[in-house]
Amino acid sequence: MHMHKYEKIWLVFGIGVLFAFLVIVGVSAFAEGQQPPSCLTTIDPEKVDQTPPFDKPGLVKTGDNEYQLNIVVHAFAFTPNQIEIPKGAKVTINVTTKDVIHGFQVPGTNINMMVEPGYINTLTHTFNKPGEYTILCNEYCGAGHHMMTGRIKVVEK
Ligand code: CUA
């Protein structure tokens, strides 16, 4: 079968792009642990303050250097917004919102969730590097969006 030179170039280019795409998706999913939102647990967004564990937001010890961090997100703050975590702690973060869609991102880590009303989003992260981390809202949520920040301090035990 005779193929024009340009056809061959395009064929190689097309297969190359497809391959590169699969490598990018594969690396981000399996090596970097990126995954679609859990979104399996629902909650009544009007009763967040009365629904455990969000009736008492904060860090809860669940095991040997294992914690659960429950955060209520609302316009325009995170509750709590100052969190201290021991170095090496494995933390399961649960977030939900009382009003509109917000974001929950911690730059410098893999933590990046969309927080949707009616849902509890969960992610587990081990904080191995001591230091101060900023929590950001990365979904535009209104006039105070740019002020929505919090702080995680990872401290030596
Ligand atoms: Cu909350 Cu932007």
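1. A good place to start is I71. In this predicted model, I71 touches F54, F78, T79, P80, I83, N94, V95, T96 and F104, leaving out residues up to four places away in sequence. I71 is also among the residues with the most contacts inside the largest nonpolar core, together with F78, V91, I93, V95, F104 and I152. That core has 25 residues.

2. Which strands supply at least two residues each to this core? They are β3 (66–74), β5 (82–86), β6 (89–97), β8 (112–115), β9 (119–127), β10 (131–136) and β11 (149–155). Apart from this core lies another, made of five residues, with V48, F54, V72 and I120 among them. You have met F54 already, as one of the residues that I71 touches.

3. The UniProt record, an unreviewed entry, gives residues 55–157 the annotation "domain: Cytochrome oxidase subunit II copper A binding". In the model this span is 60% strand and 0% helix. The C-alpha atoms at its two ends lie 28 Å apart.

4. Now turn to helix α1, which covers residues 5–31 and holds W10. Is W10 buried or exposed? W10 counts as exposed because its relative accessibility is 60%, and the cut-off for exposed is over 50%. W10 also belongs to a nonpolar surface patch of about 600 Å², which it makes with Y6, I9, F13 and V17. As background, nonpolar side chains in soluble globular proteins tend to be buried together.

5. S28 lies in helix α1 too, and here the answer on burial is the opposite one: S28 has a relative accessible area of 19%, so it counts as buried, the limit being under 20%. With neighbours within four places in sequence set aside, what is S28 in contact with? Its partners are G33 and Q34.

6. Last, have a look at T42, which sits in strand β1 (residues 41–42). T42 is exposed, at 57% relative accessible area. Even so, T42 has contacts with G118, Y119 and I120, not counting its neighbours within four places in sequence. Of these, I120 is one of the residues of the five-residue core.

7. One distance rounds off the tour. How far apart in space are T42 and G16? From C-alpha to C-alpha they are 41 Å apart, while 26 residues separate them in sequence.

Terms used
Residues are numbered from 1 along each chain as its sequence is written. This is a predicted model: local features need pLDDT of at least 70, side-chain atom pairs count only at pLDDT 80 or more; totals for chains, interfaces and linings use all residues. Side-chain values use heavy atoms; hydrogens and water are left out. Patches are made of residues with over 30% relative accessible area and no salt bridge: like charges are joined within 9 Å, nonpolar side chains (Val, Leu, Ile, Met, Phe, Trp, Tyr) within 5 Å. Accessible areas come from the Shrake-Rupley method with a 1.4 Å probe; for residues, only the protein chains shown count as cover. A salt bridge is a side-chain nitrogen of Lys or Arg within 4 Å of a carboxyl oxygen of Asp or Glu. Helices (H or I, at least four residues) and strands (E, at least two) are DSSP runs, numbered from the N terminus. Buried means under 20% relative accessible area, exposed over 50%, partly exposed in between (1.4 Å probe, protein chains only). A nonpolar core is a set of buried Ala, Val, Leu, Ile, Met, Phe, Trp, Tyr and Cys residues joined through side-chain atoms within 4.5 Å. Contact means heavy atoms within 4.5 Å. UniProt positions are given in the numbering used here, feature names are shortened, and annotations may be inferred rather than shown by experiment.
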